[in-house]
Every structure is written in C-alpha cells, then in structure tokens.
Amino acid sequence: MPESLFSKPSTIVITCPKAVPPILAEEVRSLGFEVTSQALASVETRGSLQDAERLNLWSRTANRVLYLLDEFVVRDADELYRRVVGFAWEEVIAADQYLTVTSTVVHPSIRDARFANVKCKDAIVDRIRKHCGTRPDSGPERRGVVVHLYWKDDLGRLYLDTSGEPLSKRGYRKIPFKAPLMETIAAAVILSTDWSGADHFINPMCGSGTFAIEAALLGLGRAPGLLRSRYGFMHLMGFDSSQWQELRREARTAARKALSGRIIATDISSEAITAARKNATTAGVDHLIEFSTTDYAQTPVPEGTGVVVLNPEYGQRLGDIRKLETVYKGIGDFFKQRCTGYRGYVFTGNLDLAKKVGLQARRRIPFYNSSIECRLLEYDLYSGSRRSD
Ligand SMILES: C[S@@+](CC[C@H](N)C(=O)[O-])C[C@H]1O[C@@H](n2cnc3c(N)ncnc32)[C@H](O)[C@@H]1O
C-alpha cells in the first residue's frame, strides 16, 4: 500500500490575487507553515494533503491550494501524454469519480492550452481504464477531482487542485450587487488595515456587503472555509471524512461569539442593502452588522477608534468621472469632519480620482482587481489632518 498523500509531504502552491502574496505569506506563517517562496500571485510551502485541508479551511486570501504530485521534463504533447500516463492515477482517483483538468501552458508547440488539457485528461482516464476497467467522467464543472497541469518551457508539473472551486467563492454571496469585490481581495484589504475586531469597522458604499461580512468573519476569528461544504480534496482516494469533521469542529470551537467593536455598513441603494443583508444572513453574521440605506456622508460613525473603508466606483466614461470627482472630494470632507480618531481607507482603481480626496495618504498599498491596478490609500484621521496640495 503506497503512503497516503494525505500524510505525504510535498510542495504546496497557494495561489491568490496579484500583489496579495505578502499578506497570504503572513497568513500561511501564522497557521504554522514555513513559506519557501513567493511569486506574483502565489506562495509556496510544504505539507501533506491533510495540511492542504487546513489551508483551505483557514486562509482568507488564498484562491487555490495546489498539491504537487509530479514534476518532469516535457518537450511536446506526445511526451506530455507519456509522462502523465506513467503516473499511478488509479491510486489517487477512483474510476467512478468526476474529473476536471485545468491548465496553465506556456510552450511554443502549444497554441491552444485546451489541446494540452485534453492530452492530459486522456492520459489520466486511459491509465485508470487500463487498471480498473472503467474510467472517470470528465468535464469543466470542478465538482469532483481537479487536476491542474502547469507547463512552462520544458518543465511540466501536475498538481491536485485541492480547493476545487476557488476559495474566493465562500458561498455566502448569493446576491451580488454592482461591481462586487472578490472576497479574498476584501479580506486582504482588511488584513492590511490591521483591524482585529477590538474597535469599530465602518463601511459606507458597502454594495453587496463583502467588506462588512469579511470583517465580521475575521473579527470573530471564524474560519472562512466553514461556510463551504465542498472541496476538491474530498473526492480523492484516502480522504478521511471524520478527520475533516474534526478540523471543522476545532475551527467552530475556536471562533469568538461576539465582537467588542461595532460593524456599520451603509449604501445609498436600498437594493444593495437588501442584497448585503441577505448575504450576511447566509454567512451567519447578520446579527453583527448594522445596515442602513444612506448617502456615505450620513453614515453613523460612533465615538472612539476603528477603521472606515470605502470602495467607491472608479468610473469609465468622462461624465461619470466628473460626478465621481465630487464624490471623492466629499469622502475627504467626510473623513475630516466625521471620522476623527479613525484610520480612513479608500480602495480605488483610479488614482486621479483618489487625488480628489485631498488628504495626505500615509500608505498606498498596491492591489489588483482582475487586471485593474488599484491602490488601498490609508489616511490617519487625527484632528486637523493635513490637506495634500
Ligand atoms: C464599487 S461598489 C462597492 C462594492 C462593494 N465593495 C462590494 O464588494 O460589493 C460602490 C457602491 O457605492 C454605492 N454608492 C454610490 N454612490 C454612493 C453615495 N453617494 N453614497 C453611498 N453609497 C453610494 C453604490 O450603490 C455601490 O453599491
């Protein structure tokens, strides 16, 4: 009987949105793993599939947890088939499973990554059919085992995508409102503010409520993965369901029941507030968030300290930009007049508009929202905050 991958250490690559690796690396270290390297949109560590389960359950900023199965030299598609068919898939994937193959391919002989995908999938199912008499069904849905092929120049790597669906899909955002931020980016933003739940979290322009919900989960120390019931690793041979239930039980026990700070989320659109409330209910944190429909400038800001986070629209057309200039200028006034004692944050993809806030940013933290380069601007809002020129 070969050593189960659930206890066998290998390289684990954890992917995340671009620019987030330093934040993910901190998370991975705080979960007790050593970070062996960081790239533009990933962090590497070592561990078994059981460790991958823990990373899936706890990471707030990871998109996928990939467990390295095999690594080889590969020069063309026929060699890819031979390498993949040579791996003992019958020890990892049952013949009655559902299989999805995804890939990242950068190779001169491959013009269409789908071709490499099909070669890889054919090799896996041919190998299983040869050993078991039948083969897994396959398709794009990520509802069973997910194998990821990475092929760059002459290096081929085969990973198990232990997440299946990306972890940004927490399962609570049933109703997205306009331009919702990815849950993993929202969590990375909150981690960048160092907010811990001890004081207030204010989120005007909350849209579908992503910041407020992620803040509630983080403040409670609740594992974001508790919200999901399905992961790629559950479909692998050797998966121990009772061990996974134990990990979940420990996570539930570790979570706090209440927060000392208040979470306040507002939006000018009542439709957004209805969606955000429903999403918070699905996430099980609606009782912790005070929602109301109002202009951002009228958002209640309690006495004390905390963070105020706004994610205004960035604007595509000139007419929109003109209107948004007034909004961004108003955010500066709101910060100065209403948020003294807080740290203010604006998350935006338009740096020209950001200048209209008119306050001196203490930090400008880079982010990417899909392909749009963004900044999280931090303002220290003590009384008499300095205006920028
Ligand atoms: C980019 S979206 C925020 C998305 C949000 N971060 C999420 O993840 O769903 C901007 C939000 O600002 C709201 N908004 C626009 N103008 C506003 C105003 N003057 N006062 C309050 N909210 C406003 C819009 O209704 C929209 O929901």
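A polar contact here is a pair of N or O atoms within 3.5 Å. Keep that cut-off at hand for the exercises below, and bear in mind that the model is predicted.

**Exercise 1. The ligand's polar partners**

Work out which atoms of L181, D295 and N311 lie at polar-contact distance from the ligand.

Solution. Start with L181: one of its polar backbone atoms is 2.9 Å from an oxygen atom of the ligand. Next, take the side chains. N311 places a polar side-chain atom 2.8 Å from a ligand nitrogen, and D295 has a polar side-chain atom 3.0 Å from a nitrogen atom of the ligand. Finally, turn to the surface: the ligand alone exposes 610 Å², and the protein buries 92% of that area.

**Exercise 2. The shell and its pocket**

Describe the residues around the ligand and the space that the ligand takes up.

Solution. Begin with the count: 18 residues surround the ligand, and those that come nearest are L181, S208, T210, D267 and N311. Then sort the shell by class, which gives eight nonpolar, six polar and four charged residues. As for the space, the ligand occupies the largest pocket.

**Exercise 3. The whole chain**

Decide how the chain compares in compactness with a globular protein of its length.

Solution. First list the secondary structure: the chain holds 10 helices and 15 strands. Its radius of gyration is 23 Å, close to the 21 Å from the globule rule for 389 residues, so the chain is as compact as a globular protein of that length. To complete the picture, the C-alpha trace spans about 70 × 45 × 35 Å along its principal axes.

Notes:
Residues are numbered from 1 along each chain as its sequence is written. This is a predicted model: local features need pLDDT of at least 70, side-chain atom pairs count only at pLDDT 80 or more; totals for chains, interfaces and linings use all residues. Side-chain values use heavy atoms; hydrogens and water are left out. A residue is near a molecule or strand if one of its heavy atoms lies within 4 Å of it. A polar contact is a pair of N or O atoms within 3.5 Å; within protein, one must be able to donate a hydrogen and the other to accept it, and residues adjacent in sequence count only if both atoms are side-chain atoms. Accessible areas come from the Shrake-Rupley method with a 1.4 Å probe; for residues, only the protein chains shown count as cover. On a 1 Å grid over the protein atoms alone, a cavity is a set of points where a 1.4 Å probe fits but cannot get out, and a pocket is an open set with protein on both sides within 12 Å along at least five of seven lines; lining residues have an atom within 4 Å of a point. A molecule sits in a cavity or pocket if more than half of its atoms lie within 2 Å of its grid points. Ala, Val, Leu, Ile, Met, Phe, Trp, Tyr, Cys and Pro count as nonpolar, Asp, Glu, Lys and Arg as charged, and the others, Gly among them, as polar. Helices (H or I, at least four residues) and strands (E, at least two) are DSSP runs, numbered from the N terminus. The radius of gyration is taken over C-alpha atoms; the globule rule is 2.2 Å times the number of residues to the power 0.38.
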